[in-house]
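Colleague: I am new to this one. Could you show it to me and explain the terms as we go?

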Amino acid sequence: MSISGEVPGEGSDGEEVFINEEDIINEIPIDEEDLPDRDDEDDNGDGGMVELEEDDSTYVFRAHTDEIYSIACSPTDASLVASGGKDDRGFLWKIGSAEGVLELAGHTDTVCTVAFSSDGIFLASGSFDGRINVWNTATQTLQGTFEGSGSGFEWLKWHPRGHLIIAGSEDCNLWMWNANHNAILNTFSGHSSTVTCGDFTPDGKLICTGSDDASLRIWDPRTAQSKHVVRGHGYHTDGLTCLSITWDSQTIVSGSKDNSVCIVTINSGQVVGSLDGHTGSIECVGISPSYNWVATGAMDQKLIIWDLARRSIRCTCNHDEGVASLAWLGLSRFVASGCIDGMVRIWDSLSGECVRMFAGHRDVVQSLAVSADGNSVVSVSTDGSARVFDVSMFK
């Protein structure tokens, strides 16, 4: 037996070195079962081998073929979930079951927003194709299709008690439809750039919208007229990215690309304060249903829990990378965050402690939703998967 090859440091002249049988001191037998199994490893793309990542999810939905941007859980059926993504597709599916999946067909561009009506009867999907489709969740049939000006829709929301839909568009307008009658009710004009965020007030009486034009508008849904326009001195200096409304319908908390969080009183339209602490673009904001607390997530790798009444920081939850999404876990004191690093983290808002980390995603966690029974948090990612994590211990 001989093995030839160049010896580092001695092979400049190309001299070959031979190992003969008499040079072998000892042979060590190797059991093939002790060798690494290639099936248990993953190629990292440069010829090296890396171990598969940990996965804490209890169920994975993989029907999408590209990045997923939107997720929603039915308010009445704890197993029913909707998702939408860059593959121009939306799906209605059930946690733990591969059966009965409904594709929300009909879109020709990214499905960036999905939402259930408050009674769970209808599901709406909105797309950059300028179309919103409404489905009956029981019969799994198309209820109707709404079209605006042809410009893409950024988001949609249902009325807290009725079957009215509002949606913000790239055409600078807010649109409102009646899903029962498939009829456009109003177009709200006033913003000078894309309407990036918005919602009905919880009492259903007013609509609040934020725009890339750095303004907030409070609308009368019956007349489609602005009651208040909030902009300029004391408010955001760049486009709004998110907003949330307190459960008493009195206060709006909005976040912006300029790293600021502002507090606005709905009745007066006045900026009454700011929550200063972030140094990166605000990506998400959520108000606790049980406490007078607000959670904000930003690209500065922080989730901050605020006391809204005192306008002060309760605790700062530090992340390894930027925070892209958040969701309060029902009526509990716990809040979930979705991160650029693909992790879903559960935080105790009393102590600021990270009480659980869920691994599984390989890319940005774009959106989070909580099941109706509070037992599951569902996350979607640019890795093309939707994952379900058990959070029943945090109810």
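Modeller: Here are some strands, a pocket, a salt bridge and some annotated repeats.

Modeller: This is a predicted model, where local features need pLDDT of at least 70, side-chain atom pairs count only at pLDDT 80 or more, and totals for chains, interfaces and linings use all residues. Residues are numbered from 1 along each chain as its sequence is written, and side-chain values use heavy atoms, with hydrogens and water left out.

Colleague: What makes Asp 55 and Arg 387 a salt bridge?

Modeller: The term requires a side-chain nitrogen of Lys or Arg within 4 Å of a carboxyl oxygen of Asp or Glu. Here the N to O distance is 2.6 Å. So the pair qualifies. Asp 55 sits in the loop between strand 2 (49-51) and strand 3 (59-61), while Arg 387 belongs to strand 34 (residues 386-390). They are 332 residues apart, so this contact links distant parts of the chain. The whole structure has 9 salt bridges.

Colleague: How do you know that strand 10 pairs with strand 11?

Modeller: Strands are DSSP runs (E, at least two residues), numbered from the N terminus. Two of them pair if DSSP finds at least two bridges between them. Strand 10 (residues 131-136) and strand 11 (residues 141-147) share 6 bridges, so they pair. They run antiparallel. One bridge joins Val 134 to Gly 144 in strand 11. The two strands form a hairpin with 4 residues between them. In the turn, Gln 140 has a positive phi of about 55°.

Colleague: Why are strand 4 and strand 7 called edge strands?

Modeller: The open sheet has 4 strands in the order 4-5-6-7, with antiparallel pairing. Strand 4 (68-73) and strand 7 (97-103) each pair on one side only. Strand 7 is joined to strand 6 (residues 90-94) by 3 bridges. Phe 91 stands opposite Glu 103 in strand 7.

Colleague: What makes the second largest pocket a pocket, and how much space lies in it?

Modeller: A pocket is an open set of points on a 1 Å grid over the protein atoms alone, with protein on both sides within 12 Å along at least five of seven lines. About 150 Å³ of space lies in this one (a volume is the space filled by probe spheres set on the points, joined across faces, edges and corners). Lining residues have an atom within 4 Å of a point. There are 15, and those closest to the centre include Thr 246, Asp 248 and Asn 292.

Colleague: Where does the "repeat: WD" label come from?

Modeller: It comes from an unreviewed UniProt entry, and residues 275-308 are one of the spans covered. Such annotations may be inferred rather than shown by experiment. In the model, residues 275-308 are 0% helix and 53% strand.

Methods. 1 Å grid on protein atoms, 1.4 Å probe; cavity = no way out; pocket = protein on both sides within 12 Å on 5 of 7 lines; lining within 4 Å.
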